[in-house]
Amino acid sequence: MKPFGSTWSTWTGSTSRDSRDTLFVLTVIGWTIAPHVLRLTPWVGLLCAAVLLWRGSLAVRQAPLPSRWWLVGTLFLAAGLTYWTERTLIGKDAGVTLLVVLMALKTLELRARRDALVVFFLGFFLVLTQFLYSQSLWTALTMGLSVWGWLTALTLAHMPAGRPRLREAAGLAGRAALVGTPVMIALFLLFPRIGPLWAMPGAGAHTGLSDNLQLGDVAELANDDSIAFRLRFDGQPPPADALYFRGPVLSDYDGKQWHVDAFTPPALEAPASVEPTYRYEMTLEPLRIQWLPLLEGTRTPPEANPPLAGMPAQPDNSGQWRLRRPLTERVILKAEADLRGPLATGLRTMERRSLLALPPNRHPRTRAWALALRNQPALRDADATTLVNAVLQHISREPYVYTLAPGTYQNDPVDEFWLDRREGFCEHYAASFVVIMRALGVPARIVTGYQGTDFLPVDGYYAVRQSNAHAWTEYWQAGRGWVRADPTGAVAPERIRRGQALEAPPGFIAGAFEAVSPDLRLSLRRFAEALDNRWNQWILGYGKRQQFDLMGQLGMQSPDVLSLIRVLVVLVVGAGLAGAVWAWFDARKQSPWQKLRGGITRELARLGVEAKPSDTLTALAQRLRQQRGNGAEAAAQALLELDLHRYGRPGREGTPPGWWRQFREAVAAARNAPPPPATTSAPPIIGA
């Protein structure tokens with residue numbers, strides 16, 4: 001059986017040049033739009049596949065293209081479907097949908113070179129649109145291959161004569177791209193990062209925590225194994241049970257959902273005596289939320305790269321770092337945290353009333369249970385901390401279960417969970433705990449965020465995943481302020497102590513890896529995430545600060561944006577001059593045949609024989625015999641031998657072995673030979 005490569009070469013060799021080039025372009029189009037097709041609505045993929053397969057069939061059969069009326073009708077249909085699915089024709093998803101469809105339809109009117117050039121540049125633009133959705137290493141590699149394909153197609157379009165091989169065109173395109181690589185690297189390193197012009201909003205965004213909570217939301221998010229952020233500490237990291245990353249604080253409750261308080265509390269004053277205990281760096285993915293999930297105890301604004309608009313000067317009174325708009329781009333944060341306990345602040349009357357409020361006629365059984373607990377003699381006059389410990393001991397003592405799949409709670413989820421089924425995830429315990437605390441007269445609220453990290457770091461970074469999403473509580477203790485209480489630690493202490501989230505059941509592919517080797521899937525994931533982290537840190541994380549550091553390493557004092565521009569201008573001018581010199585030498589560069597022909601011309605000039613550029617080797621041999629006679633016969637025979645070597649069958653490049661030495665010796669012998677006798681003619685007869 002023939003290998004695929006030889007079969008493909010044989011098949012493409014039997015097709016016409018136009019058919020082969022068209023099929024190649026269709027393949028590059030399919031590769032370029034494939035990621036878009038996977039994320040857009042299904043009709044886009046079906047329509048594009050049908051059009052590209054139809055166009056490929058027409059190319060193979062060399063059949064005529066459809067009429068323009070058919071294309072116009074399909075275009076209007078695609079526009080209507082786009083408006084039906086996206087509810088607009090303006091915006092990222094709608095625009096990309098129309099662009100993908102237009103690319104596919106454009107292949108049905110490839111009638112001239114102009115149409116092909118339009119397709120090529122549409123292809124390059126489609127490559128750029130991929131980075132509106134993802135800037136990962138995998139996207140960069142696949143789109144790099146796509147760019148190579150489009151450059152190859154463009155090269156083929158500029159080689160109209162003959163039938164150049166695809167390998168030849170691909171090699172030429174690759175070499176052209178390598179020539180431009182130094183310029184690309186210089187621009188990447190030195191081009192000033194000008195605010196939002198450099199960022200790509202929304203690329204690779206995952207929806208994370210929310211500003212409201214309903215029982216089951218965190219469990220659903222915890223099934224997502226994607227990375228929310230990566231973390232690196234300067235020095236020894238905190239213990240796993242102290243790794244609480246604070247997100248939205250939920251205090252308003254309507255009986256079904258918990259919401260962020262609409263009232264924005266005043267800023268929290270950080271005492272001047274507090275020294276930072278831990279310094280850390282966080283690479284935060286675009287979570288599409290307004291909250292920065294910083295480590296609890298972070299009380300000074302982090303250093304952000306790229307800078308974040310609307311960064312508050314300090315957290316609010318709930319300890320939240322809240323931006324003006326959702327985070328839609330990857331950002332690197334450097335911050336400091338103090339984990340030595342809460343700040344003691346006052347609680348206003350309005351806040352206390354809000355933090356004790358419970359909806360009427362909701363959770364009557366749980367509230368009755370709380371009242372019975374309060375009426376116990378030992379707890380009748382107890383403070384908030386004592387009551388909290390009593391509830392946590394109840395959770396530890398009773399058969400409560402911590403699970404990702406507790407099932408659906410119907411009528412009154414708090415009553416049903418706390419008193420009947422006793423199976424739930426962190427939000428079930430947190431919500432029920434806050435209801436009980438408020439029923440006991442203790443102000444309490446829910447805090448959502450992330451808890452814990454992966455057990456082992458990768459490249460020095462700990463990964464915090466969406467599966468680390470967590471909900472815990474805070475209660476108000478007079479004289480101390482807000483104190484964290486995590487009821488999950490009472491039912492599943494290992495979850496908090498080790499910071500390890502529950503793992504969802506593996507899928508089919510992951511299960512197959514587990515069956516082959518339990519550590520294989522983990523090793524492959526760690527390897528892929530290590531590559532992705534290096535890409536994020538070295539490429540996506542390369543910003544203004546790294547540029548200034550580079551200038552400092554090169555010896556520049558106090559670098560700024562103008563310094564970058566000056567260095568970039570010098571490099572551009574230097575590259576231009578180098579290109580001009582290279583072009584000058586390239587214009588004077590001679591092929592081996594041109595060099596050989598020049599040598600032959602110089603040798604014949606020594607014999608007084610003129611060699612014109614238009615003269616063939618045979619003509620030169622004949623002129624040599626006429627002007628130098630038998631003494632130059634050896635040199636004339638050498639010229640005829642070279643002519644036969646190059647232009648006989650089969651024609652070969654270069655010269656016969658030892659030819660140049662023999663030719664020069666023959667010319668030297670002809671110079672030493674006596675000149676041929678002069679040819680005289682009889683005088684004319686006058687008067688004949």
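Helices here are DSSP runs of at least four residues, numbered from the N terminus. Keep that in mind for the labels below, and remember that this is a predicted model.

**Figure 1. The whole chain, before we zoom in.**
Let's start with the overall picture. The chain has 24 helices and 14 strands. Of its 688 residues, 43% count as buried. Take the contacts between residues with a separation of 6 or more: 71% of them involve residues 24 or more positions apart. As for the outside, the chain exposes about 37,000 Å², and carbon and sulfur atoms supply 61% of that area.

**Figure 2. Arg-628, a buried charge without a salt bridge.**
Arg-628 sits in helix H22, which covers residues 617–628. Where is the nearest side chain of opposite charge? That side chain belongs to Glu-633, and it is 12 Å away. A salt bridge needs the nitrogen and the oxygen to be within 4 Å, so Arg-628 and Glu-633 don't make one. Arg-628 is buried all the same. Its side chain does have a polar atom 3.1 Å from the backbone oxygen of Ala-670. Leaving aside residues up to four places away in sequence, Arg-628 touches Leu-607, Val-609, Ala-670, Arg-671, Ala-673 and Pro-676.

**Figure 3. Two buried cysteines in a chain with zero disulfides.**
First, a bit of chemistry: a disulfide is a covalent bond between the sulfur atoms of two cysteines. How many turn up in a search of the whole structure? The count is zero. Two cysteines worth finding in this view are Cys-48 and Cys-426. Cys-48 has a relative accessible area of 3%, so it counts as buried. Cys-426 is buried too, because its relative accessibility is 0%.

**Figure 4. Lys-106 and Glu-109, a salt bridge between buried partners.**
The structure holds 25 salt bridges, and this close-up shows one of them. Lys-106 pairs with Glu-109, and their closest N and O atoms are 2.7 Å apart. Are these two residues buried or exposed? Lys-106 has a relative accessible area of 14%, so it is buried. Glu-109 also has a value of 14%, and it is buried as well.

**Figure 5. Arg-330 and Glu-285, a salt bridge from loop to loop.**
Here the side chains of Arg-330 and Glu-285 meet in a salt bridge, with 2.9 Å from N to O. The pair links distant parts of the chain, 45 residues apart. Look for Arg-330 in the loop between strand E7 (303–305) and strand E8 (331–337). Glu-285 is in the loop between strand E5 (278–284) and strand E6 (294–295). Both residues are buried.

**Figure 6. Arg-445 and Glu-474, part of a network of salt bridges.**
This time the partners come from strands. Arg-445 forms a salt bridge with Glu-474, and the closest N and O atoms are 2.9 Å apart. Arg-445 belongs to strand E11 (residues 444–451), while Glu-474 belongs to strand E13 (residues 469–477). The two are 29 residues apart, and the pair links distant parts of the chain. Arg-445 is buried, with a relative accessible area of 5%. For Glu-474, also buried, the value is 6%. Which residues join them in a network of salt bridges? Arg-246, Glu-296 and Arg-484 are linked with Arg-445 and Glu-474.

**Figure 7. Gln-477 and its polar contact with Thr-385.**
Stay with strand E13, and you'll find Gln-477 there. Gln-477 has a relative accessible area of 9%, which means that it counts as buried. Its side chain shares a polar contact of 2.8 Å with the side chain of Thr-385. Not counting residues up to four places away in sequence, Gln-477 touches Asp-383, Ala-384, Thr-385 and Val-483.

**Figure 8. Ser-146 and its neighbours.**
Ser-146 is part of helix H7 (residues 137–157). Why does Ser-146 count as buried? The reason is its relative accessibility of 1%, because buried means under 20%. A polar contact of 2.5 Å joins the side chain of Ser-146 to that of Thr-32. With residues up to four places away in sequence left out, Ser-146 touches Val-28, Trp-31, Thr-32 and Val-127. You can also look for Phe-124, 22 residues from Ser-146 along the chain. The C-alpha atoms of Phe-124 and Ser-146 are separated by 8.6 Å.

Note on methods
Residues numbered from 1 in each chain as written. Predicted model: local features only at pLDDT ≥ 70, side-chain atom pairs only at ≥ 80, totals over all residues. Heavy atoms only, no water. Buried < 20%, exposed > 50% of the residue type's maximum accessible area, 1.4 Å probe, protein only. Lys, Arg positive; Asp, Glu negative; His and termini not counted. Polar contact = N/O pair within 3.5 Å; in protein donor to acceptor, adjacent residues only side chain to side chain. Contact = heavy atoms within 4.5 Å. Disulfide = S-S within 2.5 Å. Areas by Shrake-Rupley, 256 points an atom, 1.4 Å probe, with all protein chains shown as cover.
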